[in-house]
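Trainee: I'm new to this structure and would like a close look at one part of it. Please start with a single loop, then show me what can be said about the places around the chain that go with it.

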Amino acid sequence: MSEKKPIGEIYDCLRLVLPLMSRYNIPVTPQNYAVWFAYVSESNGELCKAINNIIEKGASFNEDTNVALYQHYGLNSEGKSVNELLENLKQVLVNILKEVLQLSGQTDKFESTLSDCVGRLSEDLTIKDIRDIAKVIITESKNISAYGKKLQHRLKEQAKEIKSLREKFKLTQAEALTDFLTGIANRKGFDQKVKTLFDQAKNGGIALCLLIIDVDRFKDFNDTYGHIIGDQILRFIARKIKETVRGRDFVARYGGEEFAVLLPETHLAGAKSVAENIRQFFDQAKLKTTSGDKELGKITVSVGVSCYRAGDSLESLIKRSDDALYFAKNSGRNRVAIESDAVKI
């Protein structure tokens with residue numbers, strides 16, 4: 001007699017065998033089980049070819065075909081007696097029933113039906129008994145599948161809800177990092193972004209420059225025209241700075257009338273050019289009220305520029321921009337100063 005397969009291997013094969021037999025309306029008998037077990041386990045090459053040929057032709061597996069497959073391909077000679085097949089099948093059915101019970105958890109009736117099947121497997125079984133129990137397993141397994149599809153549908157609906165909540169969370173998070181007046185990033189948003197870009201510059205050797213922009217004499221402007229127009233001007237400044245820089249650059253409201261611009265992959269000469277473009281725009285801009293019926297004169301800005309250096313800390317990078325801005329303000333305002341200018345003080 002051939003070596004008996006481990007129960008785990010038999011179980012794995014039967015998980016494929018029973019559905020296949022059900023699909024092609026093969027009666028669940030020990031002989032037919034032996035044929036399809038050999039087919040699934042690919043232990044008989046000629047048998048596999050024969051079954052594949054029948055499937056491809058769309059022919060049916062009638063009683064004569066099933067008997068011929070069992071006898072012609074020498075399954076009797078492999079030493080698998082009917083009793084051995086029955087015993088293997090019983091062991092595997094017990095395992096399947098246990099799994100189905102664990103997966104179901106649906107109704108007392110369903111559990112009662114499966115428990116009854118388990119009880120019957122402990123008795124001496126006829127071929128008809130095996131066939132009937134196998135049918136129950138196949139039917140109830142399909143019920144489990146249907147239940148699984150319903151569960152999958154519910155999970156998809158829950159996934160949609162989770163996605164919606166995640167998007168709301170992102171929106172809330174974005175709002176927390178956005179300046180309510182100007183619509184650009186606020187100081188908290190700047191702090192997060194500058195840390196990320198600073199780490200990239202420090203660890204990846206990527207150039208990074210920082211502009212700190214201050215609106216000259218903005219307090220006087222507010223006192224003259226009022227806070228409502230002052231707020232409109234701040235929104236205008238934020239929008240124009242954002243329009244002047246590239247898409248990958250980052251603009252934030254740094255303080256009351258201060259703005260910060262992060263310029264990744266930009267060296268000092270390029271950063272100074274960007275700063276000068278911003279300064280020149282505001283120097284030439286003629287301001288009017290939103291309705292256009294009143295001229296507001298003009299505003300100017302001063303800009304301090306610094307660039308990342310090897311060995312920098314985040315604080316030292318920001319301090320050099322602050323120092324450069326201080327130099328620009330004390331040198332008459334409406335000008336751009338780079339970090340080396342501040343050293344001359």
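**From one loop outwards**

Mentor: Let's start with Arg335, which sits in the loop between H12 and strand E7 (336-338). Keep in mind that you're looking at a predicted model. Arg335 has a relative accessibility of 29%, so it falls into the partly exposed class. Now find Glu276: along the sequence it is 59 residues from Arg335, yet their C-alpha atoms are 7.8 Å apart in space.

Next, step back from that loop into helix H12. Which residues does Lys329 pair with? One is Asp214: the two side chains meet in a salt bridge, with N and O 2.4 Å apart. Lys329 belongs to helix H12 (residues 314-330) and Asp214 to strand E1 (residues 208-215), so this pair ties together parts that lie 115 residues apart in sequence. Lys329 and Asp214 are both buried.

Lys329 has another partner, Asp216, and here the closest N and O atoms of the salt bridge are 2.9 Å apart. This pair also links distant parts of the chain, since Asp216 is in the loop between E1 and H9 while Lys329 is in helix H12, 113 residues away. Asp216 is buried, just as Lys329 is.

Stay with that loop between E1 and H9 for a moment, as Arg217 is there too. Its backbone is worth a look: Arg217 isn't a glycine, but it has a positive phi of about 50 degrees. For background, most residues other than glycine have a negative phi. Asn25 is another non-glycine residue with a positive phi, this time about 55 degrees. You'll find Asn25 in the loop between H1 and H2. With a relative accessible area of 64%, Asn25 is above the 50% cut-off, so it counts as exposed.

Back to helix H9, where Lys219 and Asp223 make a salt bridge with 3.1 Å from N to O. These two share the helix and are 4 residues apart, which is about one turn. Are they buried or exposed? Lys219 is exposed, at 58% relative accessible area, and Asp223 is exposed as well, at 55%.

Those are individual bridges, but salt bridges can also be followed as a group. Arg309, Asp312, Arg320 and Glu339 are linked in a network of them. The total count comes to 15 salt bridges.

Now for the rings. Searching the whole structure turns up 11 aromatic pairs. Take Tyr24 and Trp36: their ring centres are 5.9 Å apart and their planes differ by 20 degrees, so by the cut-off of under 30 degrees the pair is stacked. This is a link between distant parts of the chain, with Tyr24 in the loop between helix H1 (7-23) and helix H2 (30-41), and Trp36 in helix H2, 12 residues apart. Tyr24 is partly exposed at 23% relative accessibility, whereas Trp36 is buried at 0%.

Phe218 and Phe221 are stacked too, with 6.1 Å between centres and 10 degrees between planes. These two are 3 residues apart in helix H9 (residues 218-225), so about one helical turn separates them. Phe218 and Phe221 are each buried. So helix H9 holds the buried Phe218 and Phe221 along with the exposed Lys219 and Asp223.

Going back to Tyr24 and Trp36, they belong to an aromatic cluster that also takes in Tyr39 and Phe61. A ring can meet a charge as well: Arg187 lies over the face of Tyr254, 3.9 Å from the ring centre.

One more stop, and this one is an empty space. The second largest pocket holds about 210 Å³. It has 13 lining residues, and those closest to its centre are Gln232, Ile233, Phe236, Leu287 and Lys288. Helix H10 (227-244) and strand E4 (287-288) each supply at least two residues of that lining. What does H10 give? It supplies 6 residues, the most to this lining. By class, the lining of this pocket has 6 nonpolar, 3 polar and 4 charged residues.

If you want one thing to trace yourself, go back to Lys329: follow its salt bridge to Asp214, then the one to Asp216.

Technical notes:
Residues are numbered from 1 along each chain as its sequence is written. This is a predicted model: local features need pLDDT of at least 70, side-chain atom pairs count only at pLDDT 80 or more; totals for chains, interfaces and linings use all residues. Side-chain values use heavy atoms; hydrogens and water are left out. Rings of Phe, Tyr and Trp (its six-membered ring) pair if their centres lie within 6.5 Å; planes under 30 degrees apart count as stacked, over 60 as edge-to-face and the rest as tilted. Buried means under 20% relative accessible area, exposed over 50%, partly exposed in between (1.4 Å probe, protein chains only). A charge sits over a ring if NZ of Lys or CZ of Arg is within 6 Å of the ring centre and within 35 degrees of the ring normal. On a 1 Å grid over the protein atoms alone, a cavity is a set of points where a 1.4 Å probe fits but cannot get out, and a pocket is an open set with protein on both sides within 12 Å along at least five of seven lines; lining residues have an atom within 4 Å of a point. Grid points are joined across faces, edges and corners, and a volume is the space filled by probe spheres set on the points. Ala, Val, Leu, Ile, Met, Phe, Trp, Tyr, Cys and Pro count as nonpolar, Asp, Glu, Lys and Arg as charged, and the others, Gly among them, as polar. A salt bridge is a side-chain nitrogen of Lys or Arg within 4 Å of a carboxyl oxygen of Asp or Glu.
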